[in-house]
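This report describes a protein chain, from its overall form to a few details of its backbone. Please keep the sequence and the structure in view while reading.

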Amino acid sequence: MSGPTALLALEDGTTFRGTGFGAEGETFGEVVCNTAMAGYQEVLTDPSYAGQIVAMTAPHQGNYGIAPEDDESWGVQVSGFVVREASRRASSWRAEGTLQDRLASSGIVGMEGLDTRALTLIVREQGAMRAAVSTVDLDPGSLVARVRATPGMAGADLARTVSTADTYEAAELVGRASTALGPVRRVAAYDLGMKRNILRLLAAHGIETTVFPAQTPAAQIAAGGYEGVFFSNGPGDPAATSYGVAACRDLLGKVPIFGICLGNQLLGLALGGRTYKMAFGHRGVNQPVQDLATGAVEITSHNHGFAVDPAAWPRDADGAALTDHGRVHLSHWNLNDGTLEGMRCLDVPAFSVQYHPEAAPGPHDAVPLFAEFRTAMEAA
């Protein structure tokens, strides 16, 4: 693909030259790597990637083009996109444009033609770091200096920047909830960076969802008569998302709660725990996670740079965490690095996972968690 010369600069001083595609200009953000071979459109439109320049480790991206119905939000959310090679054509009957077209129309700077293997090794060894992609400032010293002057992800409150501005009914986007499983349940969902496939799967499990802005007070939700509350995925530092922590804390014990990704971190903080920034995070579709209750291992999709610290609470004789809201089973663990991946409260109806059971295009091992949420509401 012919295009302008582009420069990728990392805060450690490393630079890569390549070719720009998509929009021309420059962009700043935290550079992270995603290991998925497919699903680039879902990555581009996932609000959890706000403020990040995503580098794909699989070398060829854009093969099947762009299909608008596969968007996970209202538009492209990444700050920048870096690939080894962008496909020059879209080989799918569903495609309505190419990857290049989508980035250009969205004003997002992309870059190809660099050694993404070398970039991945740097991120793997040094950790996610501040970076920039530019087609206008091609001086390495200048661009590195400007990168070092930008803020990092720690302390960044980004959920409010990607959340819906107005309350809406999920049925407007994904259709009415299924009645195949019995009476339809009514749920309030906090949009902290909500992916649309979450709403599709809630509807498929007979759950009608009303979506609220991230900063909605818990009292407003509690007064709505909802049978459950869902806390979505989202970007930024969970400790800086104080309004989400407060809402989760205030709703614990009142209705069943289910949290995904950022929602998992907010539950951990609401339980009196703490979170920490990971060196390079988990981003991809092949993370093995074990559910201690069953021993089953799920292959899961991840996108997070922060995690809940399991050492934040004392434990009882059975290993349950002793929190501000009773005992909590630290239920799910990453088999690659031992990261805590899920929690189930034993004394109040609440549970959460760090990964993405709604992942599109997959894997789908963890989809039954939505049925577990419905079961919790039926029991309540």
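Helices and strands are DSSP runs, helices of at least four residues and strands of at least two, and they are numbered from the N terminus. In this predicted model, the protein chain has eleven helices and 20 strands.

**Overall form**

A compact globule of 380 residues would have a radius of gyration near 21 Å, and the value for the protein chain, 21 Å, agrees with this. Along the principal axes, the C-alpha atoms fill a box of roughly 60 × 45 × 35 Å. Of the 380 residues, 59% count as buried. Among contacts with a separation of 6 or more, 74% are made by residues 24 or more positions apart.

The accessible surface of the protein chain is about 14,300 Å², and carbon and sulfur atoms account for 51% of this area. The chain carries 27 positive and 41 negative charges, and the mean positions of these two sets are 1 Å apart.

**Nonpolar cores**

The largest nonpolar core has 37 residues, and Tyr-190, Phe-231 and Met-343 have the most contacts inside it. Several helices and strands each supply at least two residues of this core: the strands are β11 (185–191), β13 (228–231), β18 (326–334) and β19 (340–345), and the helices are α8 (218–222), α9 (242–251) and α10 (262–270). Another core, of 24 residues, lies apart from the largest one; among its residues are Met-194, Cys-261, Tyr-355 and Phe-370.

**Cys-261**

Cys-261, one of the residues of the core of 24 residues, also has a notable backbone angle. Its phi is near 60°, a positive value in a residue other than glycine. Cys-261 lies in the loop between β14 (257–260) and α10. Is this residue buried or exposed? Cys-261 counts as buried because its relative accessibility is 1%, and the cut-off for buried is under 20%.

**Cis peptide bonds**

The loop between β20 (350–353) and α11 (368–379) holds Pro-361, and Pro-363 has its place in the loop between β20 and α11 as well. The table lists the cis peptide bonds that lead to these prolines.

| Cis peptide bond | Omega |
|---|---|
| Ala-360 to Pro-361 | about 10° |
| Gly-362 to Pro-363 | near 5° |

The loop between β20 and α11 is thus a suitable place to look for Pro-361 and Pro-363 in the structure shown above.

Definitions and conventions. Residues are numbered from 1 along each chain as its sequence is written. This is a predicted model: local features need pLDDT of at least 70, side-chain atom pairs count only at pLDDT 80 or more; totals for chains, interfaces and linings use all residues. Side-chain values use heavy atoms; hydrogens and water are left out. A nonpolar core is a set of buried Ala, Val, Leu, Ile, Met, Phe, Trp, Tyr and Cys residues joined through side-chain atoms within 4.5 Å. Buried means under 20% relative accessible area, exposed over 50%, partly exposed in between (1.4 Å probe, protein chains only). The radius of gyration is taken over C-alpha atoms; the globule rule is 2.2 Å times the number of residues to the power 0.38. Contact means heavy atoms within 4.5 Å. Accessible areas come from the Shrake-Rupley method with a 1.4 Å probe; for residues, only the protein chains shown count as cover. Lys and Arg count as positive and Asp and Glu as negative; His and the chain ends are not counted. The place of a charge is taken as NZ of Lys, CZ of Arg, CG of Asp or CD of Glu.
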